[in-house]
Amino acid sequence: MFVEKETTMNPITGADEAKKKSVSDLMDSLSSSGRGLSASEAEARLQQYGPNEIIEKKINPFIKFLGYFWGTIPWMIEAAAILSAKLNRWDDFAIIFLLLLMNGVVGFWQEHKADNAIELLKKRLAPSARVLRDGKWNALPASRLVPGDLVRIRLGEIVPADLKLIEGDFLQVDESALTGESLPVEKKVSEVAFSGSIVRQGEMTALVFATGMNTYFGRTAKLVELARTQSHFQKAVVKIGDYLIILAVALVTLVFIVATLRHESFLHTLQFALVLIVAAIPAALPAVLSVTMAVGAMQLAKKEAIVSRLAAIEEMAGVDVLCSDKTGTITQNAITVAEVVPFEGFTKKDVLLYGTLASREENGDLIDIAIIKKSKDEQIESGSYKLDKFKPFDPVSKRTQAEIDGPQGRFMAAKGAPQAISSLVAEGAENAPVDKNVKLFATKGYRALGVAGTNSKGAWRYVGLIALQDPPREDSAQTIKTAQSLGVRIKMVTGDHVAIAKEIARLVGLGTNILPASNFIDKPDEEATDIIEKADGFAQVFPEHKFKIVELLSARGHIVGMTGDGVNDAPALKKADAGIAVSGATDAAKSAAAIVLTRPGLSVIIDAIEESRKIFQRMNSYAIYRIAETIRVLFFITLSIVIFNFYPVTAIMIVLLALLNDFAIMSIAYDKAMYAQKPSRWDMTSVLGMATFLGLVGTISSFLFFSIGISLLHLTQDVLQSMMYLKLSVAGHFLIFITRTKGHFWSYRPSNILLAAVLGTQIVATIIAVYGLLIPPIGWSLALFVWAYAMVAFVLTDFAKVFLFKRFERDMIILEKDAIAVEKEVKKF
């Protein structure tokens with residue numbers, strides 16, 4: 001029976017007891033065996049002790065909801081509501097209170113939605129573990145591990161629970177996340193490995209003795225939540241928000257001073273001032289940001305790209321250099337044996353036999369599987385050989401090694417990189433035509449694998465070479481062409497030989513200027529960066545070289561995407577603006593990356609870039625719209641009060657504008673968008689310039705309409721205010737259709753959701769104005785006149801916008817050419 005005492009023990013005591021006990025004693029106390037637990041027993045323990053997860057402390061939803069009524073913006077709305085009640089203006093109070101409630105409900109709902117999206121993505125990124133159940137090894141979610149399970153952990157994996165190591169050579173474990181110790185710690189049989197640490201080298205079988213909150217990590221480490229760091233774009237939008245707040249406060253202060261000097265009612269002026277600030281401040285900014293990112297993340301997930309850091313979506317939009325792995329990304333990662341070349345004294349069967357003995361099928365390694373399959377096809381019998389010890393591949397030795405008991409006695413077999421095997425074979429290696437065959441294989445796009453074995457005296461001999469092929473993916477050439485058309489330069493980064501990389505690059509349409517990493521690694525930074533920028537890719541690359549490539553390209557102003565799959569790729573993935581863990585990546589690489597791919601190939605990365613640019617376009621549209629609308633409303637109202645001593649709209653009208661505006665603007669996250677044909681970067685000059693232009697045009701249009709109402713239509717003050725309210729509302733929402741595209745508004749159709757939200761809110765605004773709900777009525781004739789005027793102004797403004805964007809782009813091209821010319825002159829100097 002399973003002993004509760006051992007599994008619910010204090011984690012520190014538990015680890016100490018696990019260290020003291022022998023493997024057999026601990027297995028007995030956990031009622032485990034060499035065949036692992038049975039499925040029924042594992043399920044019973046899972047029910048009893050819960051999933052192998054860190055319990056996350058959740059904030060009470062009601063408390064979170066109340067938080068939306070606490071802060072600078074809510075305080076201003078609340079103050080305006082209190083003043084309305086004090087003035088006995090209960091209609092104003094009801095509408096202002098509704099605005100406050102709506103801001104809270106919408107913000108809470110959007111954050112809840114974003115949190116749910118993140119949780120869903122977290123589940124898709126959940127690690128798995130190889131578990132022995134009923135005598136069979138299976139891959140299961142790590143959350144289903146229970147004390148008493150037998151698991152196998154290897155290079156690149158995150159230790160899934162607290163484990164007692166029971167079989168294998170050794171592990172190099174990175175415990176820095178737990179202890180702060182930066183150097184890996186070596187672990188051997190009978191030692192303990194803690195949940196959350198990363199396997200840097202080796203492979204071992206282990207016994208689970210603590211899971212979930214009973215682990216060392218669960219008790220001592222704080223929950224490491226999904227990072228929600230601000231990206232460059234989010235910071236820019238927040239700066240825009242600050243700018244709008246300062247502008248609003250300055251203009252409203254001016255209104256307040258003028259009204260005071262005119263001896264107007266202090267409380268009425270204060271109420272109006274507060275309401276005007278509330279309308280001008282982008283209260284919906286956080287909600288628009290979160291919902292746009294969350295919707296974007298779900299769209300990317302449908303295309304097999306899982307976002308682990310939402311802000312990375314915006315970074316992907318700006319990527320102009322993508323450093324891509326060759327194997328599995330550009331190529332199929334479907335390794336097969338192409339040729340076998342034996343060396344003197346050996347046959348092809350000998351090469352395959354030694355290669356098979358230095359492989360382990362249950363590890364799932366693609367090279368091992370390919371060699372074993374080829375041996376089976378050639379009917380090479382290895383059943384009479386018994387594996388005694390196996391040392392898995394690691395990036396330092398670059399080989400696997402096995403100790404074998406065979407019919408002729410004990411010997412060793414190894415396979416790995418040809419250079420690594422050459423260094424292993426002390427004598428006779430010079431007689432083996434290694435380099436000649438490696439170069440010959442490379443011209444065919446093959447990768448060479450060296451095979452060696454020991455003789456009766458224990459001396460290593462080079463048995464031969466195995467040629468492995470991994471052909472390009474069928475879509476790689478077209479995908480690379482698409483990437484280049486999008487302004488993304490792809491650089492192949494591979495650990496393979498230069499000749500192999502050049503052949504693959506030629507087949508997929510990349511340039512063949514492939515250089516070994518040694519060409520830049522010892523050069524000064526400036527010279528090395530020039531080499532990296534000009535190269536089409538790099539071969540014989542180690543993980544530290546990847547980090548250097550990212551570092552130098554970023555310093556030169558590029559936004560860099562880097563793909564990786566191994567534990568040693570983690571630093572480069574973390575350093576890159578957009579670190580991308582490819583399909584089949586290790587847990588360590590996934591945890592370091594911003595985006596995790598669940599489908600192999602390069603095309604999914606291009607899909608992610610295109611989708612990210614669409615999201616960026618939506619955010620860009622919102623930024624221009626928000627600035628322009630604030631300038632339009634604030635300048636018009638402020639100048640009307642200061643110059644003409646006339647309030648063009650009432651406080652209740654401003655609240656209605658804000659209410660309907662916030663409701664419609666949320667739908668921009670679901671709008672259709674066209675991705676840019678070049679990397680999307682934040683161009684503050686263009687955004688502020690265009691927004692200021694549109695805002696001033698809107699202000700002039702409003703004053704022209706205002707003068708028509710007074711001079712031509714001779715409207716009363718109440719009716720004029722209602723008509724101006726409808727004009728500001730309709731024209732303001734039409735502005736969304738102007739800012740959503742750099743071309744004419746008919747360039748591409750808006751989404752049904754955006755169209756319905758805008759038209760729906762404006763129909764409501766029209767009904768309010770026509771029938772006088774909360775404001776004086778204007779009738780259908782004036783309402784139709786407002787719509788006609790707003791539509792004419794909308795079309796004329798759109799033409800002016802297109803002209804101005806073309807001027808911006810032309811000026812930017814001239815500036816870029818001038819900058820390049822200056823840079824060339826500086827280099828010459």
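Which residue in β14 stands opposite lysine 415? In this predicted model, the residue facing lysine 415 is valine 451. A good place to start is the sheet that holds β14. This open sheet is built from six strands in the order β10-β15-β14-β13-β12-β11, and the pairing is antiparallel. Two strands stand at the edges, β10 (336–342) and β11 (386–391); each has a single partner strand, so one side of each is left without a neighbour in the sheet. From one strand to the next, the twist averages 25°.

Strands of a sheet pair through backbone hydrogen bonds, in either a parallel or an antiparallel manner. Here, β13 (residues 409–416) and β14 (residues 446–454) run antiparallel and are joined by four bridges. The sheet also carries a helix: α18 (residues 434–443) packs on it and touches β10, β14 and β15 (460–469). The direction of α18 makes about 5° with that of β15.

Helix packing comes next. Two packed helices are described by the angle between their axes together with the distance between those axes. For α22 (residues 525–534) and α23 (residues 543–555), the axes come within 10 Å and cross at roughly 100°. Angles of 65 to 115 degrees count as roughly perpendicular, and α22 is therefore roughly perpendicular to α23. On the α22 side, the contact is made by Asp525, Ala528, Thr529, Ile532 and Glu533. Helix α23 contributes Lys548, Ile549, Leu552 and Leu553 to this contact.

Turning to the surface, a nonpolar patch is formed by Leu759, Ile763, Ile767, Tyr771, Leu773, Leu774, Trp780 and Leu784. Together these residues have about 770 Å² of accessible area. Two elements, α30 (752–771) and α31 (779–828), give two or more residues to the patch. The most comes from α30, with four residues. Isoleucine 763, one of the patch residues, is found in helix α30.

Charged pairs complete the picture. The structure holds 25 salt bridges, among them one between glutamate 203 and arginine 152. In this pair, the closest N and O atoms are 3.7 Å apart. The two residues belong to distant parts of the chain, being 51 residues apart. Glutamate 203 lies in strand β7 (residues 198–210), whereas arginine 152 lies in strand β3 (residues 150–154).

Definitions and conventions: Residues are numbered from 1 along each chain as its sequence is written. This is a predicted model: local features need pLDDT of at least 70, side-chain atom pairs count only at pLDDT 80 or more; totals for chains, interfaces and linings use all residues. Side-chain values use heavy atoms; hydrogens and water are left out. Two strands pair if DSSP finds at least two bridges between them. Axes are lines fitted to C-alpha atoms, for helices over the stretch in contact, and angles run from 0 to 180 degrees between N-to-C directions. Contact means heavy atoms within 4.5 Å. Patches are made of residues with over 30% relative accessible area and no salt bridge: like charges are joined within 9 Å, nonpolar side chains (Val, Leu, Ile, Met, Phe, Trp, Tyr) within 5 Å. Accessible areas come from the Shrake-Rupley method with a 1.4 Å probe; for residues, only the protein chains shown count as cover. A salt bridge is a side-chain nitrogen of Lys or Arg within 4 Å of a carboxyl oxygen of Asp or Glu. Angles under 35 degrees count as roughly parallel, over 145 as roughly antiparallel, 65 to 115 as roughly perpendicular and the rest as oblique.
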